[in-house]
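Got your viewer open? Here's a short walk through the model, one selection at a time.

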Amino acid sequence: MKNITHNLEPVLQAKGLMKRYGTVVAMNGADFDLYPNEVLGVIGDNGAGKTTLIRAISGATAPDHGVIELDGKLVNFHTPDDARNAGIETVYQNLALSPALSIADNMFLGREIREKGIMGKLFRKLDHKQMETFARDKLSELGLLTIQNINQAVETLSGGQRQGVAVARAAAFGSKVVIMDEPTAALGVKESRRVLDLIQDVKSKGIPIVLISHNMPHIFEVCDRIHIHRLGRRLCTVDPKIISMSDAVAMMTGAMEPPTEALDAR
Amino acid sequence: MSQSEFETNLNSADSAVAVFERDDRTFLSNVRNAVRNYPTLVPALVLIVSILIFGIIAPRFLSPGVLSLVLQQVTVIGIVAIAQTLIILTAGIDLSVGAILVLSTFVMGRLSVSYGVPLPIAIAAGMAIGTLMGAFNGFLVAKIKLPPFIVTLGTLSVFTALKLWYSGSESIRNSDIEANAPSLLWFGEAAARPFGATITYGGIALILLAAVFWFILQHTAWGRHVYAIGDDPEAAALSGIKTDRTLISVYAVAGLICGFGAWVAIGRVGSISPISFEEINLATITAVVIGGTSLFGGRGSIPGSVLGALIVGVFTTGLSLAGVDDYWQMFAVGNLVLIAVALDQWLRRATQ
(Lines give C-alpha, C1' and ligand atoms only; values in the text may rest on other atoms or scores of the structure.)
Protein backbone atom coordinates (compact mmCIF):
# COMPACT_ATOMS: atom_id res chain seq x y z
CA MET A 1 0.00 0.00 0.00
CA LYS A 2 2.78 2.34 0.87
CA ASN A 3 4.44 1.68 -2.44
CA ILE A 4 1.28 2.53 -4.28
CA THR A 5 0.68 5.82 -2.55
CA HIS A 6 4.28 6.76 -3.02
CA ASN A 7 3.80 7.26 -6.69
CA LEU A 8 0.57 9.14 -6.38
CA GLU A 9 0.12 12.84 -6.54
CA PRO A 10 -1.40 14.43 -3.44
CA VAL A 11 -5.15 15.00 -3.52
CA LEU A 12 -4.85 18.14 -1.52
CA GLN A 13 -1.68 20.14 -1.20
CA ALA A 14 -0.84 23.45 0.41
CA LYS A 15 2.44 25.29 0.04
CA GLY A 16 3.81 28.14 2.10
CA LEU A 17 0.56 29.27 3.70
CA MET A 18 0.84 32.48 5.71
CA LYS A 19 -1.80 34.05 7.91
CA ARG A 20 -1.50 36.94 10.27
CA TYR A 21 -4.10 38.16 12.75
CA GLY A 22 -2.80 41.60 13.66
CA THR A 23 0.58 40.91 15.24
CA VAL A 24 -0.12 37.21 15.76
CA VAL A 25 1.31 34.92 13.12
CA ALA A 26 -1.02 31.93 12.95
CA MET A 27 0.57 30.30 9.91
CA ASN A 28 4.17 30.88 8.95
CA GLY A 29 4.85 29.10 5.70
CA ALA A 30 2.75 26.04 6.47
CA ASP A 31 2.89 23.12 4.02
CA PHE A 32 0.37 20.33 3.83
CA ASP A 33 -0.05 17.17 1.76
CA LEU A 34 -2.88 14.68 1.70
CA TYR A 35 -2.53 11.56 -0.45
CA PRO A 36 -5.30 9.42 -1.89
CA ASN A 37 -6.79 6.75 0.31
CA GLU A 38 -5.10 7.76 3.52
CA VAL A 39 -6.06 9.02 6.93
CA LEU A 40 -3.76 11.86 7.81
CA GLY A 41 -3.51 12.85 11.44
CA VAL A 42 -2.72 16.46 12.25
CA ILE A 43 -1.33 17.04 15.72
CA GLY A 44 0.17 20.09 17.35
CA ASP A 45 0.20 21.94 20.61
CA ASN A 46 -2.41 24.56 21.41
CA GLY A 47 -1.70 27.69 19.42
CA ALA A 48 0.45 25.84 16.88
CA GLY A 49 -1.90 26.97 14.13
CA LYS A 50 -3.67 23.68 13.38
CA THR A 51 -7.06 25.29 13.35
CA THR A 52 -5.95 28.10 11.03
CA LEU A 53 -4.42 25.55 8.67
CA ILE A 54 -7.64 23.55 8.64
CA ARG A 55 -9.75 26.67 8.19
CA ALA A 56 -7.59 27.60 5.20
CA ILE A 57 -7.99 24.26 3.42
CA SER A 58 -11.69 24.12 4.22
CA GLY A 59 -12.33 27.64 2.93
CA ALA A 60 -13.33 29.21 6.25
CA THR A 61 -10.25 31.49 6.31
CA ALA A 62 -8.44 32.92 3.32
CA PRO A 63 -4.62 32.74 3.76
CA ASP A 64 -2.59 35.91 3.18
CA HIS A 65 -0.04 34.04 1.07
CA GLY A 66 0.53 30.58 -0.28
CA VAL A 67 -1.21 28.23 -2.65
CA ILE A 68 -3.66 25.38 -2.23
CA GLU A 69 -4.01 22.72 -4.91
CA LEU A 70 -6.74 20.15 -5.22
CA ASP A 71 -5.92 17.28 -7.60
CA GLY A 72 -3.01 19.33 -8.86
CA LYS A 73 -5.20 22.28 -9.78
CA LEU A 74 -4.85 25.61 -8.06
CA VAL A 75 -7.92 26.47 -5.98
CA ASN A 76 -8.94 29.67 -4.32
CA PHE A 77 -11.42 29.21 -1.50
CA HIS A 78 -13.11 32.33 -0.22
CA THR A 79 -16.00 30.69 1.62
CA PRO A 80 -16.68 27.22 3.04
CA ASP A 81 -19.15 26.88 0.20
CA ASP A 82 -16.31 27.09 -2.36
CA ALA A 83 -14.51 24.22 -0.64
CA ARG A 84 -17.73 22.22 -0.35
CA ASN A 85 -18.46 22.66 -4.03
CA ALA A 86 -14.96 21.38 -4.74
CA GLY A 87 -15.75 18.24 -2.72
CA ILE A 88 -14.11 19.07 0.60
CA GLU A 89 -16.38 18.53 3.60
CA THR A 90 -15.46 19.60 7.10
CA VAL A 91 -16.75 18.52 10.48
CA TYR A 92 -15.98 21.56 12.60
CA GLN A 93 -15.22 21.29 16.26
CA ASN A 94 -18.35 23.32 17.04
CA LEU A 95 -20.16 21.06 14.51
CA ALA A 96 -21.76 23.98 12.62
CA LEU A 97 -25.29 22.74 13.27
CA SER A 98 -28.36 24.90 13.77
CA PRO A 99 -29.83 23.70 17.07
CA ALA A 100 -33.43 24.72 16.44
CA LEU A 101 -33.63 23.08 13.02
CA SER A 102 -34.35 19.40 12.47
CA ILE A 103 -31.79 16.71 11.71
CA ALA A 104 -32.90 16.54 8.09
CA ASP A 105 -32.80 20.32 7.72
CA ASN A 106 -29.30 20.39 9.15
CA MET A 107 -28.01 17.64 6.86
CA PHE A 108 -29.12 19.64 3.84
CA LEU A 109 -28.44 23.15 5.10
CA GLY A 110 -27.09 25.15 2.18
CA ARG A 111 -27.82 22.44 -0.43
CA GLU A 112 -31.50 21.74 -0.09
CA ILE A 113 -33.31 19.59 -2.62
CA ARG A 114 -36.28 21.11 -4.36
CA GLU A 115 -39.36 19.25 -5.44
CA LYS A 116 -39.68 18.25 -9.05
CA GLY A 117 -42.27 19.89 -11.23
CA ILE A 118 -44.04 23.17 -10.90
CA MET A 119 -44.04 23.36 -7.09
CA GLY A 120 -40.27 23.07 -7.03
CA LYS A 121 -39.47 25.16 -10.07
CA LEU A 122 -41.92 27.99 -9.70
CA PHE A 123 -42.53 28.07 -5.96
CA ARG A 124 -39.13 26.66 -4.98
CA LYS A 125 -40.79 24.19 -2.67
CA LEU A 126 -38.38 21.86 -0.89
CA ASP A 127 -38.67 18.11 -1.15
CA HIS A 128 -38.84 17.38 2.57
CA LYS A 129 -39.67 13.73 2.00
CA GLN A 130 -36.62 13.00 -0.13
CA MET A 131 -34.34 14.86 2.26
CA GLU A 132 -35.73 12.99 5.26
CA THR A 133 -35.33 9.63 3.54
CA PHE A 134 -31.75 10.45 2.61
CA ALA A 135 -30.94 11.66 6.11
CA ARG A 136 -32.46 8.57 7.66
CA ASP A 137 -30.47 6.30 5.31
CA LYS A 138 -27.22 8.05 6.09
CA LEU A 139 -27.78 7.95 9.83
CA SER A 140 -28.71 4.27 9.82
CA GLU A 141 -25.58 3.55 7.78
CA LEU A 142 -23.66 4.95 10.70
CA GLY A 143 -25.69 3.01 13.21
CA LEU A 144 -27.16 6.20 14.58
CA LEU A 145 -30.78 5.24 14.32
CA THR A 146 -31.43 5.37 18.00
CA ILE A 147 -32.74 8.72 16.89
CA GLN A 148 -36.47 8.15 16.70
CA ASN A 149 -37.57 11.09 14.67
CA ILE A 150 -35.61 12.58 11.81
CA ASN A 151 -37.60 15.78 12.28
CA GLN A 152 -36.61 16.33 15.87
CA ALA A 153 -34.57 19.42 16.56
CA VAL A 154 -30.83 18.93 16.83
CA GLU A 155 -30.88 20.63 20.25
CA THR A 156 -32.79 17.65 21.63
CA LEU A 157 -29.91 15.29 20.77
CA SER A 158 -26.98 14.28 22.95
CA GLY A 159 -23.45 15.45 22.18
CA GLY A 160 -22.61 12.12 20.58
CA GLN A 161 -25.71 12.12 18.43
CA ARG A 162 -25.00 15.66 17.26
CA GLN A 163 -21.49 14.59 16.35
CA GLY A 164 -23.02 11.72 14.44
CA VAL A 165 -25.25 14.06 12.47
CA ALA A 166 -22.30 16.31 11.59
CA VAL A 167 -20.13 13.36 10.56
CA ALA A 168 -22.96 11.81 8.57
CA ARG A 169 -23.40 15.10 6.72
CA ALA A 170 -19.72 15.27 5.82
CA ALA A 171 -19.51 11.59 4.86
CA ALA A 172 -22.61 11.87 2.71
CA PHE A 173 -21.46 14.84 0.68
CA GLY A 174 -17.65 14.77 0.78
CA SER A 175 -16.50 13.51 -2.59
CA LYS A 176 -12.78 14.40 -2.46
CA VAL A 177 -11.73 15.05 1.13
CA VAL A 178 -13.32 14.86 4.56
CA ILE A 179 -11.78 16.96 7.32
CA MET A 180 -12.62 16.26 10.95
CA ASP A 181 -11.64 18.68 13.67
CA GLU A 182 -11.55 16.98 17.08
CA PRO A 183 -14.44 14.62 16.28
CA THR A 184 -14.02 12.62 19.49
CA ALA A 185 -13.25 15.43 21.92
CA ALA A 186 -16.77 15.65 23.32
CA LEU A 187 -17.60 11.97 23.18
CA GLY A 188 -17.63 9.04 25.54
CA VAL A 189 -15.66 5.84 24.96
CA LYS A 190 -18.36 4.00 23.03
CA GLU A 191 -19.33 6.97 20.94
CA SER A 192 -15.66 7.65 20.15
CA ARG A 193 -15.39 4.07 18.93
CA ARG A 194 -18.33 4.71 16.60
CA VAL A 195 -16.61 7.74 15.12
CA LEU A 196 -13.32 5.89 14.69
CA ASP A 197 -15.10 3.04 12.94
CA LEU A 198 -16.84 5.61 10.85
CA ILE A 199 -13.52 7.12 9.79
CA GLN A 200 -12.54 3.69 8.51
CA ASP A 201 -15.87 3.41 6.69
CA VAL A 202 -15.32 6.71 4.95
CA LYS A 203 -11.77 5.71 4.09
CA SER A 204 -12.98 2.44 2.60
CA LYS A 205 -15.20 4.46 0.30
CA GLY A 206 -11.94 5.82 -1.12
CA ILE A 207 -12.14 9.27 0.41
CA PRO A 208 -9.02 10.52 2.18
CA ILE A 209 -9.53 12.00 5.64
CA VAL A 210 -7.76 14.66 7.63
CA LEU A 211 -8.13 14.04 11.35
CA ILE A 212 -7.20 16.73 13.82
CA SER A 213 -7.10 15.48 17.38
CA HIS A 214 -5.38 15.77 20.71
CA ASN A 215 -6.18 12.16 21.48
CA MET A 216 -2.94 10.31 20.68
CA PRO A 217 -4.34 6.76 20.97
CA HIS A 218 -7.06 7.65 18.45
CA ILE A 219 -4.57 9.31 16.09
CA PHE A 220 -2.17 6.39 16.27
CA GLU A 221 -4.92 3.88 15.78
CA VAL A 222 -6.55 5.19 12.62
CA CYS A 223 -3.92 7.32 10.87
CA ASP A 224 -1.63 6.22 8.08
CA ARG A 225 0.60 9.26 8.45
CA ILE A 226 0.87 11.99 11.04
CA HIS A 227 1.50 15.62 10.25
CA ILE A 228 3.14 17.34 13.21
CA HIS A 229 2.43 21.06 13.36
CA ARG A 230 4.57 23.40 15.39
CA LEU A 231 4.90 27.20 15.53
CA GLY A 232 2.71 27.86 12.54
CA ARG A 233 4.29 25.36 10.17
CA ARG A 234 4.72 21.68 9.45
CA LEU A 235 7.56 20.30 11.49
CA CYS A 236 7.52 16.89 9.80
CA THR A 237 5.26 14.02 8.89
CA VAL A 238 5.89 10.71 10.59
CA ASP A 239 4.80 7.12 10.22
CA PRO A 240 2.83 5.98 13.30
CA LYS A 241 4.10 2.42 12.80
CA ILE A 242 7.68 3.56 13.30
CA ILE A 243 7.46 6.33 15.83
CA SER A 244 6.09 6.11 19.36
CA MET A 245 3.38 8.24 20.87
CA SER A 246 5.71 9.83 23.39
CA ASP A 247 8.18 10.79 20.68
CA ALA A 248 5.40 12.34 18.62
CA VAL A 249 4.32 14.37 21.64
CA ALA A 250 7.93 15.35 22.33
CA MET A 251 8.32 16.61 18.76
CA MET A 252 5.06 18.45 18.80
CA THR A 253 5.99 20.28 22.00
CA GLY A 254 9.55 20.98 20.89
CA ALA A 255 11.20 18.69 23.44
CA MET A 256 12.72 16.64 20.65
CA GLU A 257 14.01 17.33 17.16
CA PRO A 258 12.46 15.14 14.48
CA PRO A 259 14.93 12.31 13.85
CA THR A 260 15.55 11.99 10.14
CA GLU A 261 14.92 8.24 9.92
CA ALA A 262 11.41 8.61 11.34
CA LEU A 263 10.48 11.15 8.74
CA ASP A 264 8.01 9.90 6.27
CA ALA A 265 9.71 9.10 3.00
CA ARG A 266 7.32 11.24 1.02
CA MET B 1 -11.18 -3.04 13.18
CA SER B 2 -8.45 -2.85 15.75
CA GLN B 3 -9.25 -1.62 19.20
CA SER B 4 -7.11 -0.02 21.78
CA GLU B 5 -6.42 -2.07 24.85
CA PHE B 6 -8.65 -0.10 27.16
CA GLU B 7 -11.57 -0.74 24.84
CA THR B 8 -11.38 -4.54 24.72
CA ASN B 9 -14.27 -4.93 27.12
CA LEU B 10 -16.50 -2.82 24.90
CA ASN B 11 -17.79 -5.79 22.94
CA SER B 12 -19.39 -7.20 26.00
CA ALA B 13 -20.81 -3.84 26.98
CA ASP B 14 -24.39 -2.83 26.55
CA SER B 15 -24.77 -2.16 22.85
CA ALA B 16 -27.63 0.30 23.27
CA VAL B 17 -25.64 3.44 22.76
CA ALA B 18 -27.00 6.72 23.98
CA VAL B 19 -30.63 5.90 24.34
CA PHE B 20 -32.47 8.97 25.33
CA GLU B 21 -35.48 7.88 27.24
CA ARG B 22 -36.37 10.96 29.11
CA ASP B 23 -37.17 10.36 32.70
CA ASP B 24 -38.87 13.69 33.25
CA ARG B 25 -42.23 12.80 31.77
CA THR B 26 -44.08 15.07 34.12
CA PHE B 27 -47.12 17.04 33.12
CA LEU B 28 -45.11 20.25 32.94
CA SER B 29 -42.42 18.80 30.68
CA ASN B 30 -45.08 17.38 28.38
CA VAL B 31 -46.62 20.82 28.12
CA ARG B 32 -43.21 22.27 27.45
CA ASN B 33 -42.48 19.78 24.68
CA ALA B 34 -45.85 20.33 23.08
CA VAL B 35 -45.31 24.08 23.08
CA ARG B 36 -41.82 23.71 21.67
CA ASN B 37 -43.02 21.47 18.86
CA TYR B 38 -46.09 23.56 18.07
CA PRO B 39 -45.06 27.11 18.89
CA THR B 40 -48.30 28.67 17.65
CA LEU B 41 -50.28 26.63 20.15
CA VAL B 42 -49.96 29.17 22.95
CA PRO B 43 -51.00 32.29 21.03
CA ALA B 44 -53.86 30.34 19.45
CA LEU B 45 -55.11 29.24 22.87
CA VAL B 46 -54.64 32.71 24.35
CA LEU B 47 -56.64 34.20 21.48
CA ILE B 48 -59.53 31.77 21.87
CA VAL B 49 -59.61 32.08 25.66
CA SER B 50 -59.41 35.88 25.58
CA ILE B 51 -62.23 36.08 23.01
CA LEU B 52 -64.38 33.89 25.26
CA ILE B 53 -63.55 35.85 28.39
CA PHE B 54 -64.32 39.19 26.78
CA GLY B 55 -67.48 37.64 25.39
CA ILE B 56 -68.56 36.92 28.95
CA ILE B 57 -67.54 40.34 30.31
CA ALA B 58 -69.02 42.29 27.42
CA PRO B 59 -71.55 40.16 25.50
CA ARG B 60 -71.57 42.65 22.62
CA PHE B 61 -67.97 41.61 21.91
CA LEU B 62 -68.98 38.26 20.45
CA SER B 63 -71.00 39.82 17.62
CA PRO B 64 -69.63 39.29 14.09
CA GLY B 65 -69.47 43.05 13.62
CA VAL B 66 -67.14 43.63 16.56
CA LEU B 67 -64.95 40.62 15.80
CA SER B 68 -64.51 41.72 12.19
CA LEU B 69 -63.68 45.19 13.49
CA VAL B 70 -60.81 43.67 15.43
CA LEU B 71 -59.51 42.12 12.22
CA GLN B 72 -59.76 45.49 10.46
CA GLN B 73 -57.93 47.22 13.28
CA VAL B 74 -55.00 44.84 13.20
CA THR B 75 -54.74 44.55 9.41
CA VAL B 76 -51.85 46.99 8.96
CA ILE B 77 -50.10 45.98 12.19
CA GLY B 78 -50.43 42.34 11.17
CA ILE B 79 -48.90 42.90 7.74
CA VAL B 80 -45.99 44.90 9.14
CA ALA B 81 -45.62 42.27 11.89
CA ILE B 82 -44.92 39.71 9.13
CA ALA B 83 -41.99 41.90 8.04
CA GLN B 84 -40.90 42.30 11.65
CA THR B 85 -41.06 38.51 12.18
CA LEU B 86 -38.66 37.84 9.31
CA ILE B 87 -36.16 40.25 10.83
CA ILE B 88 -36.56 39.06 14.42
CA LEU B 89 -36.09 35.45 13.23
CA THR B 90 -32.59 36.47 12.15
CA ALA B 91 -32.01 37.78 15.70
CA GLY B 92 -32.44 41.34 14.44
CA ILE B 93 -35.00 44.04 15.07
CA ASP B 94 -36.43 46.77 12.85
CA LEU B 95 -37.44 50.05 14.44
CA SER B 96 -37.80 51.77 11.07
CA VAL B 97 -40.75 49.77 9.71
CA GLY B 98 -43.23 52.53 10.54
CA ALA B 99 -41.18 55.20 8.80
CA ILE B 100 -40.78 52.97 5.73
CA LEU B 101 -44.51 52.33 5.70
CA VAL B 102 -45.53 55.98 5.86
CA LEU B 103 -42.87 57.16 3.40
CA SER B 104 -44.15 54.51 0.97
CA THR B 105 -47.72 55.74 1.40
CA PHE B 106 -46.55 59.21 0.42
CA VAL B 107 -44.69 57.97 -2.65
CA MET B 108 -47.84 56.18 -3.79
CA GLY B 109 -50.11 59.10 -2.89
CA ARG B 110 -47.97 61.88 -4.30
CA LEU B 111 -47.27 60.15 -7.58
CA SER B 112 -50.85 59.14 -8.26
CA VAL B 113 -52.77 62.03 -6.69
CA SER B 114 -50.51 65.04 -7.26
CA TYR B 115 -48.65 64.03 -10.43
CA GLY B 116 -51.26 61.83 -12.10
CA VAL B 117 -48.90 58.88 -12.53
CA PRO B 118 -50.84 55.71 -13.44
CA LEU B 119 -51.72 53.83 -10.30
CA PRO B 120 -49.83 50.57 -10.95
CA ILE B 121 -46.64 52.56 -11.50
CA ALA B 122 -47.23 54.68 -8.39
CA ILE B 123 -47.83 51.56 -6.27
CA ALA B 124 -44.80 49.80 -7.74
CA ALA B 125 -42.70 52.88 -7.02
CA GLY B 126 -43.90 52.97 -3.41
CA MET B 127 -43.09 49.31 -2.91
CA ALA B 128 -39.72 49.75 -4.62
CA ILE B 129 -38.83 52.62 -2.29
CA GLY B 130 -39.83 50.45 0.67
CA THR B 131 -37.63 47.62 -0.60
CA LEU B 132 -34.74 50.02 -1.12
CA MET B 133 -34.99 51.38 2.43
CA GLY B 134 -35.12 47.82 3.80
CA ALA B 135 -32.12 46.82 1.71
CA PHE B 136 -30.23 49.83 3.09
CA ASN B 137 -30.89 48.57 6.63
CA GLY B 138 -29.77 45.11 5.56
CA PHE B 139 -26.59 46.43 3.99
CA LEU B 140 -25.63 48.21 7.20
CA VAL B 141 -26.39 45.14 9.30
CA ALA B 142 -24.78 42.50 7.07
CA LYS B 143 -21.87 44.30 5.46
CA ILE B 144 -20.91 47.06 7.91
CA LYS B 145 -21.73 44.64 10.77
CA LEU B 146 -23.61 47.16 12.88
CA PRO B 147 -26.13 45.92 15.45
CA PRO B 148 -29.65 45.91 13.95
CA PHE B 149 -31.05 47.89 16.87
CA ILE B 150 -28.63 50.78 16.28
CA VAL B 151 -28.95 50.63 12.50
CA THR B 152 -32.71 50.86 12.52
CA LEU B 153 -32.72 53.42 15.33
CA GLY B 154 -30.62 55.58 13.03
CA THR B 155 -32.63 54.89 9.90
CA LEU B 156 -35.83 55.49 11.88
CA SER B 157 -34.73 59.12 12.24
CA VAL B 158 -33.38 59.31 8.69
CA PHE B 159 -36.52 57.89 7.09
CA THR B 160 -38.77 59.95 9.37
CA ALA B 161 -36.95 63.12 8.30
CA LEU B 162 -37.28 62.12 4.64
CA LYS B 163 -40.97 61.42 5.22
CA LEU B 164 -41.55 64.88 6.72
CA TRP B 165 -39.55 66.53 3.93
CA TYR B 166 -41.28 64.63 1.12
CA SER B 167 -44.76 65.11 2.56
CA GLY B 168 -44.12 68.78 3.27
CA SER B 169 -45.76 67.95 6.61
CA GLU B 170 -49.08 67.91 4.82
CA SER B 171 -51.66 65.17 4.60
CA ILE B 172 -53.21 63.95 1.37
CA ARG B 173 -56.94 64.21 1.95
CA ASN B 174 -59.40 61.40 1.42
CA SER B 175 -61.41 63.47 -1.05
CA ASP B 176 -58.32 64.06 -3.22
CA ILE B 177 -57.50 60.37 -3.28
CA GLU B 178 -61.09 59.48 -4.17
CA ALA B 179 -61.11 62.01 -6.98
CA ASN B 180 -57.75 61.09 -8.53
CA ALA B 181 -56.80 57.55 -7.55
CA PRO B 182 -59.75 55.75 -5.94
CA SER B 183 -58.10 52.33 -6.36
CA LEU B 184 -55.56 53.33 -3.73
CA LEU B 185 -58.41 52.88 -1.24
CA TRP B 186 -59.38 49.42 -2.52
CA PHE B 187 -58.02 47.48 0.46
CA GLY B 188 -60.33 49.38 2.80
CA GLU B 189 -63.45 48.29 0.95
CA ALA B 190 -65.63 45.48 2.16
CA ALA B 191 -65.16 42.24 0.27
CA ALA B 192 -68.02 40.51 2.03
CA ARG B 193 -70.53 41.22 4.78
CA PRO B 194 -71.52 37.86 6.26
CA PHE B 195 -73.84 38.10 9.29
CA GLY B 196 -73.17 41.77 9.85
CA ALA B 197 -69.41 41.33 9.83
CA THR B 198 -67.32 43.46 7.51
CA ILE B 199 -64.44 41.62 5.88
CA THR B 200 -62.25 44.09 4.00
CA TYR B 201 -59.89 43.25 1.16
CA GLY B 202 -57.13 44.34 3.52
CA GLY B 203 -58.10 41.65 6.04
CA ILE B 204 -58.04 39.04 3.29
CA ALA B 205 -54.67 40.39 2.11
CA LEU B 206 -53.27 39.93 5.62
CA ILE B 207 -54.36 36.29 5.77
CA LEU B 208 -53.06 35.54 2.25
CA LEU B 209 -49.75 37.29 2.88
CA ALA B 210 -49.31 35.36 6.11
CA ALA B 211 -49.98 32.10 4.26
CA VAL B 212 -47.47 33.01 1.55
CA PHE B 213 -44.71 33.79 4.05
CA TRP B 214 -45.54 30.75 6.15
CA PHE B 215 -44.96 28.69 3.01
CA ILE B 216 -41.73 30.51 2.19
CA LEU B 217 -40.31 30.03 5.67
CA GLN B 218 -41.28 26.38 6.01
CA HIS B 219 -40.87 25.10 2.48
CA THR B 220 -38.11 26.99 0.74
CA ALA B 221 -34.36 26.93 1.22
CA TRP B 222 -34.37 30.68 1.82
CA GLY B 223 -36.82 30.20 4.68
CA ARG B 224 -34.71 27.52 6.35
CA HIS B 225 -31.68 29.77 5.98
CA VAL B 226 -33.49 32.61 7.76
CA TYR B 227 -33.99 30.33 10.76
CA ALA B 228 -30.42 29.00 10.60
CA ILE B 229 -28.92 32.49 10.54
CA GLY B 230 -30.95 33.56 13.55
CA ASP B 231 -30.11 30.36 15.37
CA ASP B 232 -26.33 30.43 14.97
CA PRO B 233 -24.88 32.73 12.29
CA GLU B 234 -21.44 31.16 12.41
CA ALA B 235 -22.77 27.63 12.00
CA ALA B 236 -24.94 28.87 9.14
CA ALA B 237 -21.93 30.39 7.39
CA LEU B 238 -19.86 27.23 7.90
CA SER B 239 -22.74 25.20 6.48
CA GLY B 240 -22.34 27.12 3.26
CA ILE B 241 -25.13 29.65 3.61
CA LYS B 242 -24.31 33.05 2.15
CA THR B 243 -25.28 34.82 5.34
CA ASP B 244 -24.62 38.39 4.18
CA ARG B 245 -26.69 38.02 1.06
CA THR B 246 -29.50 36.30 2.93
CA LEU B 247 -29.56 38.96 5.66
CA ILE B 248 -29.74 41.79 3.15
CA SER B 249 -32.53 40.00 1.32
CA VAL B 250 -34.45 39.56 4.60
CA TYR B 251 -34.36 43.30 5.30
CA ALA B 252 -35.20 44.08 1.67
CA VAL B 253 -38.18 41.71 1.72
CA ALA B 254 -39.29 43.29 5.01
CA GLY B 255 -39.15 46.68 3.25
CA LEU B 256 -41.17 45.27 0.38
CA ILE B 257 -43.82 43.99 2.80
CA CYS B 258 -43.94 47.44 4.43
CA GLY B 259 -44.38 48.93 0.95
CA PHE B 260 -47.30 46.60 0.33
CA GLY B 261 -48.60 47.40 3.81
CA ALA B 262 -48.53 51.07 2.77
CA TRP B 263 -51.11 50.42 0.08
CA VAL B 264 -53.30 48.55 2.56
CA ALA B 265 -52.80 51.33 5.12
CA ILE B 266 -54.07 53.99 2.69
CA GLY B 267 -57.27 51.99 2.27
CA ARG B 268 -57.60 51.38 6.00
CA VAL B 269 -57.12 55.02 7.05
CA GLY B 270 -58.64 56.63 3.97
CA SER B 271 -56.09 59.42 3.85
CA ILE B 272 -52.32 59.80 3.98
CA SER B 273 -50.83 61.61 6.94
CA PRO B 274 -47.20 62.12 7.95
CA ILE B 275 -48.05 61.58 11.60
CA SER B 276 -49.96 58.33 11.21
CA PHE B 277 -48.60 54.96 12.33
CA GLU B 278 -46.04 56.46 14.66
CA GLU B 279 -46.46 53.71 17.23
CA ILE B 280 -46.50 50.81 14.77
CA ASN B 281 -42.82 49.90 15.37
CA LEU B 282 -43.48 48.88 18.93
CA ALA B 283 -46.91 47.49 18.11
CA THR B 284 -45.41 45.05 15.62
CA ILE B 285 -42.65 44.00 18.01
CA THR B 286 -45.36 43.44 20.63
CA ALA B 287 -47.38 41.30 18.22
CA VAL B 288 -44.32 39.26 17.23
CA VAL B 289 -43.29 38.62 20.82
CA ILE B 290 -46.80 37.72 21.97
CA GLY B 291 -46.97 35.43 18.94
CA GLY B 292 -44.16 33.36 20.40
CA THR B 293 -41.25 34.43 18.22
CA SER B 294 -38.02 34.65 20.17
CA LEU B 295 -36.17 37.97 20.19
CA PHE B 296 -32.95 35.95 20.18
CA GLY B 297 -33.72 34.61 16.72
CA GLY B 298 -34.20 31.23 15.11
CA ARG B 299 -37.54 30.42 16.73
CA GLY B 300 -41.01 31.57 15.86
CA SER B 301 -43.56 31.68 13.11
CA ILE B 302 -45.60 33.96 10.89
CA PRO B 303 -49.01 32.62 11.99
CA GLY B 304 -47.91 33.27 15.58
CA SER B 305 -47.30 36.93 14.82
CA VAL B 306 -50.67 37.34 13.14
CA LEU B 307 -52.27 35.69 16.17
CA GLY B 308 -50.20 38.03 18.36
CA ALA B 309 -51.57 41.05 16.52
CA LEU B 310 -55.10 39.69 16.89
CA ILE B 311 -54.58 39.11 20.62
CA VAL B 312 -53.56 42.74 21.08
CA GLY B 313 -56.60 43.79 19.03
CA VAL B 314 -58.92 41.59 21.09
CA PHE B 315 -57.53 42.98 24.35
CA THR B 316 -57.80 46.63 23.40
CA THR B 317 -61.24 46.30 21.82
CA GLY B 318 -62.53 43.98 24.51
CA LEU B 319 -61.30 46.15 27.35
CA SER B 320 -62.72 49.32 25.83
CA LEU B 321 -66.08 47.59 25.29
CA ALA B 322 -65.92 46.57 28.94
CA GLY B 323 -65.50 50.23 29.77
CA VAL B 324 -61.88 50.04 30.88
CA ASP B 325 -59.74 53.15 30.48
CA ASP B 326 -57.05 53.45 27.82
CA TYR B 327 -54.17 53.23 30.24
CA TRP B 328 -55.39 49.91 31.65
CA GLN B 329 -55.51 48.56 28.09
CA MET B 330 -51.88 49.55 27.73
CA PHE B 331 -51.18 47.97 31.11
CA ALA B 332 -52.73 44.69 29.98
CA VAL B 333 -50.82 44.55 26.67
CA GLY B 334 -47.59 45.32 28.49
CA ASN B 335 -48.18 42.41 30.82
CA LEU B 336 -48.89 40.14 27.87
CA VAL B 337 -45.48 41.02 26.42
CA LEU B 338 -43.74 40.26 29.70
CA ILE B 339 -45.52 36.92 30.04
CA ALA B 340 -44.66 36.02 26.45
CA VAL B 341 -40.96 36.79 26.94
CA ALA B 342 -40.88 34.88 30.22
CA LEU B 343 -42.47 31.90 28.48
CA ASP B 344 -39.84 32.04 25.75
CA GLN B 345 -37.06 32.03 28.33
CA TRP B 346 -38.59 29.04 30.05
CA LEU B 347 -38.73 27.15 26.75
CA ARG B 348 -35.13 28.03 25.93
CA ARG B 349 -33.88 26.89 29.30
CA ALA B 350 -35.48 23.55 28.71
CA THR B 351 -33.38 23.05 25.61
CA GLN B 352 -30.04 23.70 27.20
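Start in chain A and select Leu231(A), which sits in the loop linking strand E9 (225-230) to strand E10 (233-238). Keep in mind as you go that this is a predicted model. Now pull up the backbone torsions: phi of Leu231(A) comes out near 50°, a positive value in a residue that isn't glycine. Is Leu231(A) buried, exposed or partly exposed? Count the C-beta neighbours inside 10 Å and you get 14, so Leu231(A) is classed as partly exposed; the buried label would take 20 or more, and the exposed one 12 or fewer.

Next, hop over to chain B and show the whole chain. Its C-alpha trace spans about 90 × 50 × 35 Å along the principal axes. Switch to cartoon and you'll find 14 helices and 2 strands in chain B. Colour by burial if you like: 48% of the 352 residues of chain B count as buried. For a contact-map view, take the contacts in chain B with a separation of 6 or more; residues 24 or more positions apart make up 76% of them.

Now zoom in on Lys145(B). Where is it? Look in the loop between helix H5 (119-142) and helix H6 (148-167) of chain B. Here too phi is positive in a residue other than glycine: for Lys145(B) the angle is near 60°. What about its surroundings? Lys145(B) has 9 other C-beta atoms within 10 Å, so it counts as exposed.

To finish, put the two loop residues up in turn: Leu231(A), partly exposed, and then Lys145(B), exposed.

How values were computed: Residues are numbered from 1 along each chain as its sequence is written. Chains are lettered from A and ligands numbered from 1 in the order in which they are written. This is a predicted model: local features need pLDDT of at least 70, side-chain atom pairs count only at pLDDT 80 or more; totals for chains, interfaces and linings use all residues. Helices (H or I, at least four residues) and strands (E, at least two) are DSSP runs, numbered from the N terminus. Two residues are in contact if their C-beta atoms, placed from the backbone, lie within 7 Å.
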